[in-house]
Amino acid sequence: MSHVKKIGVLTGGGDAPGLNAVIRAVVKAGCNAGMEVIGLEDSFDGLLDPTRSRRMTPRDVTGILRLGGTVLGTTNRGNPFEYPTDAPEGKSDYSDRCVKTFAEMGLDALVVIGGDGTLAIAHQFYLKGIPVVGVPKTIDNDIWGTTSCFGFDTAVSFASDAIDRLHTTAEAHRRVMVVEVMGRYAGWIALHAGIAGGADVILLPEIPYDLEKVAEFVRVRERLGARFSIVVVAEGARPLGGSVTVQREARPGYVERLGGVGAMVAHQLEEMTGKESRFVVLGHLQRGGAPTPFDRVLATRFGGKAVELLQRGVFGRMVANNPPDIVHIPLLDVVGKTRTVPLDYDLLKTARAIGVSLGD
Ligand code: F6P
């Protein structure tokens with residue numbers, strides 16, 4: 001058993017529906033277990049400046065279960081080990097300052113809720129002596145070691161609803177409708193939303209596409225009497241021998257911003273097939289709104305498990321979904337890895353079996 005009496009909780013990286021549900025579970029379970037819970041604002045910034053933190057009680061988290069976003073705020077630019085500054089290298093290492101603030105605040109442990117980048121920072125702090133438990137978050141569903149992350153189900157549900165709606169115009173106008181969804185390195189959203197929405201073509205980062213093959217697929221559909229085609233493309237999809245479509249190059253403190261592949265695919269398909277084509281980018285709409293019941297439950301399970309680990313004195317771990325259980329694995333195992341769609345995934349095989357083109 002540990003003697004954890006006072007814990008900090010923070011959210012880092014892009015927001016995902018279900019973050020508030022985790023915060024709520026951590027605050028409620030933590031307080032009910034006799035802990036004091038401190039909410040750190042805007043990711044690790046809350047450890048750089050002690051005024052950016054607040055005590056949280058069950059009363060403070062009433063009503064947040066169903067809210068998207070995060071009541072603690074977040075950022076994907078505040079890595080304390082490489083904080084963007086005016087220093088000649090463009091960054092400074094403020095990690096010691098965070099460790100000092102952690103001690104000055106009287107914290108015994110930290111719950112870090114975030115994606116791969118945030119969890120890697122959490123692991124670095126663990127190596128610096130801070131007792132940490134990580135909670136995986138991403139709508140992309142690409143964190144290694146967990147079969148699912150909260151936010152993914154909400155994103156898929158929104159994207160498949162959007163595809164349903166696009167069928168109307170596609171059919172009425174005999175068009176090709178291209179839907180660009182999120183998914184930097186993994187095509188989970190594209191594949192699941194594409195299948196759920198009845199897409200004809202699904203393009204994923206894992207399978208480089210040949211647009212000539214897609215165009216031929218559309219032409220054949222036309223010959224067979226199909227009035228339209230729906231193409232779902234992940235933002236991180238790329239053509240065979242080509243590269244991802246970048247909106248803005250990476251710079252210190254910022255990863256490259258993807259986007260634009262949907263427009264490109266629509267434009268080229270129109271040229272190649274002669275069929276009027278349009279595109280829609282779902283973007284951050286996929287990250288917004290209320291989490292689905294599945295995501296609320298998963299987020300609550302993650303939060304509850306995180307507090308259980310703190311009580312047991314188990315640190316340096318990430319909680320993970322391994323149905324039917326919520327388990328915990330070393331943070332070290334997660335760092336630097338990405339859970340992409342396996343090429344032998346049954347849904348990929350079934351997609352092909354039911355006549356969906358994967359662009360290859
Ligand atoms: O990792 C989640 C994600 O939604 C990616 O799919 C997307 O590329 C990225 O975040 C966008 O992040 P930002 O909001 O910082 O542009």
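Me: Axes are lines fitted to C-alpha atoms, for helices over the stretch in contact, with angles from 0 to 180 degrees between N-to-C directions. So, at roughly what angle do the axes of helix α1 and helix α9 cross?

Reply: Bear in mind that this is a predicted model, with local features kept at pLDDT of at least 70 and side-chain atom pairs at 80 or more, while totals for chains, interfaces and linings use all residues. Residue numbers start from 1 along each chain, and side-chain values use heavy atoms, without hydrogens or water. Here α1 spans residues 19-32 and α9 residues 293-312 (helices are DSSP runs of H or I, at least four residues; strands are E, at least two; both are numbered from the N terminus). Their axes come within 7 Å, and the crossing is at roughly 40°.

Me: Which residues of α9 does α1 meet?

Reply: From α1, the partners are Ala21, Val22, Ala25, Val26, Ala29 and Gly30, where contact means heavy atoms within 4.5 Å. By class, the contact has seven nonpolar, four polar and one charged residues (Ala, Val, Leu, Ile, Met, Phe, Trp, Tyr, Cys and Pro are nonpolar, Asp, Glu, Lys and Arg charged, the others, with Gly, polar). On the α9 side sit Arg296, Ala299, Thr300, Gly303, Gly304 and Val307.

Me: How far apart are the axes of α5 and α6?

Reply: Take the residues first: Phe152, Ala155, Val156, Ala159, Ser160, Ile163, Asp164 and His167 in α5 meet Trp188, Ile189, His192, Ala193, Gly194, Ala196 and Gly197 in α6. That contact divides into nine nonpolar, five polar and one charged. Helix α5 covers 152-173 and α6 covers 188-197; they pack at about 45°, and the distance between their axes is 8 Å.

Me: How many charged residues are in the contact of α7 with α8?

Reply: The axes of α7 (211-223) and α8 (261-273) come within 10 Å and cross at roughly 60°. Leu211, Glu212, Val214, Ala215, Val218 and Arg219 in α7 meet Val265, Gln268, Leu269, Met272 and Thr273 in α8. Sorted by class, that gives seven nonpolar and two polar residues, and the number of charged ones is two.

Me: What separates the centres of domain 1 and domain 2?

Reply: The domain assignment (automatic or from a database) gives domain 1 as 6-150 + 291-334 and domain 2 as 154-286. Taken over C-alpha atoms, their centres are separated by 33 Å.

Me: Which three residues supply 49% of the area that domain 1 buries against domain 2?

Reply: At this interface, 11 residues of domain 1 are in contact with 13 residues of domain 2. The two bury about 990 Å² between them, with 59% of it on carbon and sulfur atoms (buried area is the accessible area, 1.4 Å probe, lost on putting two parts together, summed over both). The trio supplying 49% of domain 1's share, more than any other three residues, is Arg77, Ile139 and Asp140.

Me: Which two residues does a cis peptide bond join?

Reply: Look at the loop between β14 (317-322) and β15 (325-330), where proline 324 is found. The cis bond has omega of about 5°, and it links proline 323 and proline 324.

Me: What is the phi of serine 43?

Reply: Serine 43 has its place in the loop between β2 (36-40) and α2 (45-48). Most residues other than glycine have a negative phi. Serine 43 isn't a glycine, yet its phi is positive, at about 65°.
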